Amino acid sequence: MNVHRRKWSTLAAAILLAGNLSIAAPALADQLPAGGQPTTVQATNQGASRNASQTGQQGNAGTSAGPGLAEAGQPANNQSAGALAQQIRDGKINDQALINDTYQQIDQQNRQLNNVIYEDPADANQQLRDLQKAGHKEQPFYGVPILIKGIGQPYKGYPNTNGLPYEKDTQSHYTKNFVQRLKDLGFIILGQTNFPELGLINVTNSNLYGPAHNPWALDRNPGGSSGGAAASVAAGIVPIATGNDAGGSLRIPASWSGVIGLKPTQGLIIGDPTTPSVVNFAETRDITDTVTLLKGLLNPKQAGTLKELPQDLRSLKIAYSLVSPVGTPVSQDARAAVLNAVQFLRAQGFDVVEQDSPVDGVKLMQNYYLGALSDGSVANFLFQQKYHRNLTAEDVKAGLVSPMTYALYEASRKAPQNARQQYQGALATVHQQMTAFHQQYPIYLTPTTATTAPLNSDPAFLPADVTKLLQIKDLNFNDQMKLIYASWLHGLSKTPFTQLANVAGEPALSLPTYVSAAGLPLGIQLEGAPGSDLLLLALGKIFEDHHQFHFLNDYRAQVLPPKQAGNAAQTGLPGGQPVSTSGNLLNGHLATSSQVTKPGSSKIGTTGDLQTKLPQTGNQHSVILVSLGIGGLLTLVLVDTEIRHKQH
């Protein structure tokens, strides 16, 4: 009998413990790996991080003396990039020590996050020596470490795989002007971040690099395709990491990882085409950094497209929508995120009305996938160079290419001659519709994503759809495109709001203003007419100044007891304490919050005033587990008492 009692008491205690851990799960997610260790990245320069410190010290003769990071007061990379650069210039942070510390953080955190796929400490130290020899420290990001996305941003000597397994040994033979401009701004490039094959999907996972993991919850994805970049910034490894965006690839991971993601106006950034296509920019944690970076990466020929700010931002009418453009469900979290923002903006004196965009979202996406056919053609061309044959369904089964890449290739072979013309016509229609819309509503507010971050176990494409994609060769072109749309809908339903800005060539900004009850972030998106980038950032600054942003380190500080939160920051786990940077933005381009805040309303919008108070933790199973555990223990006590009574 005693043996049985011990077994049942152990089981009841275990259930009770599980319930308590479930309540605390959002706070512990970055410390308790879910689903085991992430797959080790093949392309990572093995041992690079561990050797960074030694390499750096050997090449440090030209480094000015200065305190180490421990003397700077806080984890350096949880500060803004601008603040870091100033401390390096002032000698308060040693530039070489900062690089070494960042590599150490990558080494520690990448084992769980798999967000960095390549490192080159030797090149980083050479960049620093070149920067020091130049003798100029006026660059806005002098000595600040940065990570660049592994696709679309070639850097000579770095991998250039496009995420395709058969391209795993390919290197870049030149440096893109966008990347060179980063160096000109003072950044030190440390490595590349993870991305999906060809950057095609809204999560970061591929046959070549494996899944990235979200620092908020390791069993979830940080988003895509700039997921490795967003995870790096969210985790406090670097203050800025670059990415690119052809359908939401900066904003989706910004939403799911709780950082700032700006998709600039098409063609505004150096090296970007002026017609709707991919745009390059970055994931950030600070609006001032974002503005400074935007100005630094500006294409001089397109500078005139930036619009001046109105004297009173409150004169701008804002439309908001809670409806998915493709008719799919929108989660309560996404709705709450927007409604919280609406309440905040109205409290600041803005006129905010509910109004959907005039664009047919289904038609927009059908035409959007027409534009994606070229990705399949490119993948097949690269495959031919190596294997001297075309892609087949068997190559999907062999893990050489994703099912959607193969499907796009097969559809590209049967595309009619007027497919490109149809795509261009759709772009023109959307542009006209949104131009008219913005004349009445200069700002369009939506959720960035319709849900919080998906689990890494949730496939990008459902198995039943993959089976059909493998047989797409036998279909006519119209049926092929219908299948591609239907197969992509599983992922698209989570992120239906971002593609509009790409097709219209407009700027859009994701802001980290919301955290769900399960402890997962979800962003809101502000979209404006072409050239209104600074306007969007001015609105973002209002949210920032009124403490509406919720970064991982802030969330941890509220979820964990102070001592545990401090230990988490010091041990290199994701997060840490940021330095507040509430100063005015450069050159007076952006108004301060006092210009748009009602008199006497300076406290409006602080955390807890207009948004459900954080921390919001727990899930629907927590209370059940706790109740079962308590009930089990009480039952054991009653049974034990009855047995003892009978024995006596």
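A salt bridge is taken here as a side-chain nitrogen of Lys or Arg lying within 4 Å of a carboxyl oxygen of Asp or Glu. With that in hand, a good place to start in this predicted model is a small group of charged side chains: Lys541, Glu544 and Asp545 are joined in a network of salt bridges. Within this network, the closest N and O atoms of Lys541 and Asp545 are 3.4 Å apart, which satisfies the cut-off because the two atoms need only be within 4 Å. Both residues belong to helix α19 (residues 533-545), where they are four residues apart, or about one helical turn. Lys541 is buried, with a relative accessibility of 2%.

The search of the whole structure finds nine salt bridges, and two others are worth a visit. In helix α13 (residues 393-397), the side chains of Lys397 and Glu394 form a salt bridge with an N to O distance of 3.2 Å. These partners are three residues apart, again a separation of about one helical turn. Lys397 is exposed, at 57% relative accessible area. A further salt bridge pairs Arg314 with Asp312, whose closest N and O atoms are 3.3 Å apart. Here Arg314 is partly exposed, with a relative accessible area of 28%, and Asp312 is likewise partly exposed, at 28%.

Helix α13 also leads to the next element, as it is among the parts of the structure that cover the buried residues of helix α14. Helix α14 (residues 403-414) has 12 residues and spans 17 Å from its first C-alpha to its last, close to the expected 16 Å. The helix is mostly covered, with nine of its 12 residues buried. The buried residues include Pro403, Met404 and Thr405 towards one end of the list, together with Tyr406, Ala407, Leu408, Tyr409, Glu410 and Ala411. Besides α13, the cover includes α11 (361-371), α12 (373-387), α16 (463-469) and α17 (477-492).

Attention can now turn from side chains to empty space. Rolling a probe the size of a water molecule over the atoms shows where such space is left. In this model, four cavities of 30 Å³ or more are counted, and the largest cavity holds about 80 Å³ of space. The lining of the largest cavity comprises seven nonpolar, three polar and two charged residues. Ile201, Asn202 and Val203 are among the lining residues, as are Pro454 and the run Asp458, Pro459, Ala460 and Phe461. Trp488, His490, Gly491 and Lys494 also line this cavity.

How values were computed
Residues numbered from 1 in each chain as written. Predicted model: local features only at pLDDT ≥ 70, side-chain atom pairs only at ≥ 80, totals over all residues. Heavy atoms only, no water. Buried < 20%, exposed > 50% of the residue type's maximum accessible area, 1.4 Å probe, protein only. Helix = DSSP H or I, 4+ residues; strand = E, 2+ residues; numbered from the N terminus. 1 Å grid on protein atoms, 1.4 Å probe; cavity = no way out; pocket = protein on both sides within 12 Å on 5 of 7 lines; lining within 4 Å. Points joined across faces, edges and corners; volume = space filled by probe spheres on them. Nonpolar A, V, L, I, M, F, W, Y, C, P; charged D, E, K, R; others polar. Expected span 1.5 Å × (residues − 1). Contact = heavy atoms within 4.5 Å.
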